[in-house]
Amino acid sequence: MSVYLDHITRHSPQGGRAIVDDVSLSVKDGSFTALVGPSGAGKTSLLRIIAGLDPHQRGQVSIDGRRVDTLGARERNIGFVFQHYALFAHMTVAANIGFGLAIRPRHSRPGRAAIRRRVEELLELMQLPAMGARYPHELSGGQRQRVALARALATGPRVLLLDEPFGALDPLVRRQIRGWLHNLHERLGLTTILVTHDRQEAAELADTVVIMNRGRVVQSGTPQELEDNPADPFVMDFSGETIRIAGLVTNGRFVPDMSDIIPVPVALSNGRAEILIRPADIRLLPHQGNAIAQFYQRRGLVASYKVTSASFDGMLVEMPADPGDVSASIITHCAIDISAGRFVRDNAWVIPGYGLVGPVISDEVQFLYS
Amino acid sequence: MSRIVYALVIYLLVTVMIVLPPLLVVVMALSHGLGAAIESLADPDALSAIRLTVIITVLTVCINTVFGVMAAWTLTHFRFPGRNLLVVLVELPLSVSPVVGGLIWLLVFGTQGWWGAALERWGYPVMFAPPGILLATLFVTFPYVTRTLMPMLAHNGRAAEEAAVLLGASLWQVLWHVTLPGARLALVSGMLLATARAMGEFGAVSVVSGHIPGLTETMPLHIETLYNGYQTVAAFTMATLLALMAMIVVLVRSLIERRLDRTEPSI
Amino acid sequence: MALRPVRAWAATGLLNVSYDPTRELYQDIDRSFSAAWARQHVGAPVQIRTSHGGSGAQARSVLEGAPADIVTLGLAYDIDILAQNGLLAPDWQKRLPHNSTPFTSTIVFLVRKGNPKNIHDWPDLIRDDVQVITPNPKTSGGARWNYLAAWGWALRQPGGTPDKARDYLKTLFAHVPVLDTGARGATNSFVQRGLGDVLLAWEDEALLATRDIGPDKFDIVVPPLTILAEPPVAVVDRNVKAHGTAEIAQAYVEYLFSEEGQKIGGKHYFRPVNPTILAAFHDRFATTDTFDIASLGGWGTVQKQHFADGGIFDSIYTK
């Protein structure tokens with residue numbers, strides 16, 4: 001089912017600033033969308049508004065073309081998985097999963113046997129066979145999260161909302177369950193919205209990533225689009241590893257504060273500016289300066305070097321590697337080329353169209369699909 | 001070595017302060033033999049005091065459990081103006097002297113008070129009658145369920161309740177299937193605290209009772225009456241019975257507390 | 001059943017709100033009165049309950065609504081307060097013989113067996129080696145009688161003036177280690193907790209302590225001059241009207257003056273007002289000189305002068 005948010009605004013109960021500020025978003029049927037951003041960006045609030053757990057002051061929420069914000073949370077038929085699982089501690093795993101079915105009014109409640117079958121089926125799907133009689137505190141974190149997911153799926157929800165579902169898991173389990181969730185989505189095709197502060201997680205799971213900051217949507221697109229065309233310095237910082245190099249523009253030339261970085265010509269008025277660049281875009285130029293580059297590691301045809309100079313220490317730079325063994329190599333008298341980066345002044349791209357700068361972003365982000 | 005000394009000191013302290021006095025009560029009760037003690041309990045006024053105490057305690061605990069759950073739920077789930085004041089007010093009966101707890105009802109329902117004259121004209125006097133004793137006991141035991149439940153509800157948080165709502169549960173289903181079972185040990189613990197206090201309350205009840213033997217005397221009041229009437233065996237037998245009832249309540253509660261510590265992990 | 005309205009039992013029962021030292025007396029009276037009543041009114045048994053406490057506190061709870069049909073308190077002043085609030089007629093004390101006082105008593109000294117401190121008269125109480133037990137006159141009726149006995153004695157000494165009496169009482173209360181709130185509490189302090197050398201007590205309370213509670217442990221000393229204590233009784237008009245118990249309540253208070261009632265009083269160490277019956281108990285009541293409350297100006301004056309806030313008792317006890 002598709003989810004459509006139209007100019008949603010929510011103020012904090014104490015009044016004051018908007019937690020969610022005029023957000024519009026369209027999530028297409030069967031997609032896996034990730035809401036990403038630093039803490040306090042409003043991602044979880046947005047998710048809770050969709051579920052009906054938090055009120056909003058302006059805007060509309062529609063599911064499958066029908067307004068749902070007039071319905072209470074219990075009538076929206078939305079599956080929700082909480083960060084800390086929110087399992088019912090006093091119930092067995094089976095009772096947790098079957099809860100949504102068992103509390104239905106008599107006329108629409110499935111029989112006991114039917115509920116039991118459904119629970120078995122879900123335990124099977126979650127790869128938790130024979131766990132039905134256990135209590136939540138007897139399970140590992142990863143198992144609990146799968147029980148929470150099974151419980152959310154038991155009632156056949158129209159949409160699945162996941163609020164930082166991996167936040168409390170250790171990294172290894174996290175990666176495991178991530179892959180497993182991906183497969184599950186492929187199998188069930190259920191429209192899913194995931195909230196996370198981890199961009200790698202978002203990039204790995206979601207077909208669409210929505211980056212939020214200060215209650216607003218900053219940019220959305222496929223993970224690759226965001227990586228390649230960040231709408232502003234914030235998105236660039238957030239969507240991949242980014243190095244910031246400060247310097248001074250004088251007469252059409254950007255001179256970095258640090259030595260052994262080659263100045264870059266630029267059509268910009270005199271004054272302070274910054275270049276933002278992905279590590280992969282930094283080039284090492286031998287025989288041009290006084291920096292020393294020491295081999296660090298090799299990945300396929302790319303070798304990375306740790307570069308040290310009088311003004312910086314240990315900047316990681318990638319270079320095409322020689323086919324031969326470079327593991328002991330040290331390059332002396334080199335300099336660094338950052339001309340593939342983007343100029344920033346006053347926290348905004350200053351030269352639209354320069355380098356790989358993407359389109360100017362409006363407040364209202366329309367998905368390509370909608 | 002010093003550990004043993006400390007332990008001995010504590011043992012001595014507990015023995016002298018807590019174990020010996022009740023033991024003396026039992027000894028006094030049995031000073032004329034077990035038969036005399038049991039016979040003293042068969043006195044109609046004694047039976048009436050026991051019955052009144054049990055009825056008042058059961059009613060108090062039931063009513064205050066309902067109120068306490070409502071108060072704890074409201075105070076932990078909502079932020080509203082004056083909430084902090086309410087939290088303080090709920091605890092007031094703990095710090096106010098029980099005598100004051102009785103006098104306030106006298107001010108409201110005594111014949112010199114606001115409503116008393118009218119109530120008496122209709123034939124339902126509240127003071128110096130069991131309803132007054134119930135009110136006084138309700139007042140002094142009001143905080144127990146609320147105060148034991150609130151930290152548990154706050155600790156459990158709202159996520160489980162929200163999960164239940166999203167699964168289609170009504171408010172009542174959430175309360176009955178999720179909130180209360182999730183805090184059941186704290187709830188029972190609070191109810192037992194209220195039980196112990198209700199059974200033993202003297203000050204507040206004394207003010208509103210009128211001390212009419214066989215009618216408005218609870219066990220603690222009857223003990224005083226018996227003692228002042230030089231009926232030593234009867235007084236101490238009744239005291240032993242009351243202490244026994246309290247001990248059972250405390251025992252059950254400590255068992256529950258131990259379970260509370262062991263299980264009930266936060267999920 | 002425990003919560004049924006009080007009126008339901010009040011119709012067939014009777015509540016006597018009494019003061020502290022009368023527990024044993026009224027237990028007996030209640031039993032014998034209900035038997036007598038049942039003999040005369042077949043099929044209408046009556047259940048009498050009596051509640052006890054400090055006289056002032058008991059009056060207070062009747063004032064606040066305790067459903068008393070009869071009050072039998074320690075002093076007339078406590079019943080006067082009820083009359084002032086309209087619970088009974090202002091002339092209540094004239095409705096029964098002897099100023100509505102079925103039994104009198106006096107204030108005596110209870111000392112340890114053999115009178116080791118050699119206490120015989122009021123001056124002995126303020127000797128350095130003597131500790132006196134008496135309850136608080138502000139809360140206890142009995143204590144007021146104790147206090148007034150001492151006051152009256154001091155006034156009647158050669159050259160006695162209110163100032164000298166005040167000095168005597170001030171010294172006397174400096175010898176009081178604990179102030180219990182009621183007469184029974186003071187008796188317990190002296191008898192069961194072993195505090196003090198002498199207890200100022202109702203004669204009936206002292207006799208009860210020596211004969212029944214601690215035989216061979218105490219002696220009674222009757223001072224040559226003491227007060228005549230007159231604890232009165234009355235029917236609470238407003239309550240008996242509401243309960244429909246006027247007839248039986250009246251019968252109850254009249255029973256106290258009957259031959260049978262007077263005998264029971266004597267048996268429990270209260271002095272019967274009926275001279276014939278008093279004579280029958282002459283061996284237990286010592287003869288001594290007494291003065292009554294009227295000679296001190298009556299309760300209205302005495303209460304204002306001595307026990308009201310800022311009265312003489314406050315001035316001798318706080319300084």
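**Exercise 1. Find the residue of strand 16 of chain A that stands opposite Gln294(A), and place the pair in its sheet.**

Solution. In this predicted model, Gln294(A) stands opposite Lys306(A), a residue in strand 16 of chain A. Strands here are DSSP runs of E with at least two residues, helices are runs of H or I with at least four residues, and both are numbered from the N terminus. Next, turn to the two strands concerned: strand 15 (residues 283–299) and strand 16 (residues 302–308) of chain A pair in the antiparallel sense over 7 bridges, where pairing requires that DSSP finds at least two bridges between two strands. Finally, widen the view to the open sheet, in which 4 strands of chain A follow the order 17-16-15-18 with antiparallel pairing. Its edge strands, each pairing on one side only, are strand 17 (313–320) and strand 18 (330–337) of chain A.

Before going on, note that residues are numbered from 1 along each chain as its sequence is written, while chains are lettered from A and ligands numbered from 1 in the order in which they are written. Because the model is predicted, local features need pLDDT of at least 70 and side-chain atom pairs count only at pLDDT 80 or more, whereas totals for chains, interfaces and linings use all residues.

**Exercise 2. Describe the domains of chain A.**

Solution. The assignment, which is automatic or taken from a database, gives domain 1 (3–238) and domain 2 (243–349). The centres of these two domains of chain A, taken over C-alpha atoms, are separated by 41 Å.

**Exercise 3. Describe the side of chain A that touches chain B.**

Solution. Begin with the count: 23 residues of chain A are in contact with 19 residues of chain B, contact meaning that C-beta atoms, placed from the backbone, lie within 7 Å. Strand 6 (78–81) and helix 2 (93–102) of chain A each supply at least two residues of this side.

**Exercise 4. Describe the contact between chain C and chain B.**

Solution. This contact takes 20 residues from chain C and 27 residues from chain B. On the side of chain C, helix 1 (6–10), strand 2 (47–51) and helix 3 (55–64) each supply at least two residues.

**Exercise 5. Characterise chain C as a whole.**

Solution. Chain C holds 15 helices and 11 strands. Its C-alpha trace spans about 60 × 40 × 40 Å along the principal axes.

Methods: Contact = placed C-beta atoms within 7 Å.
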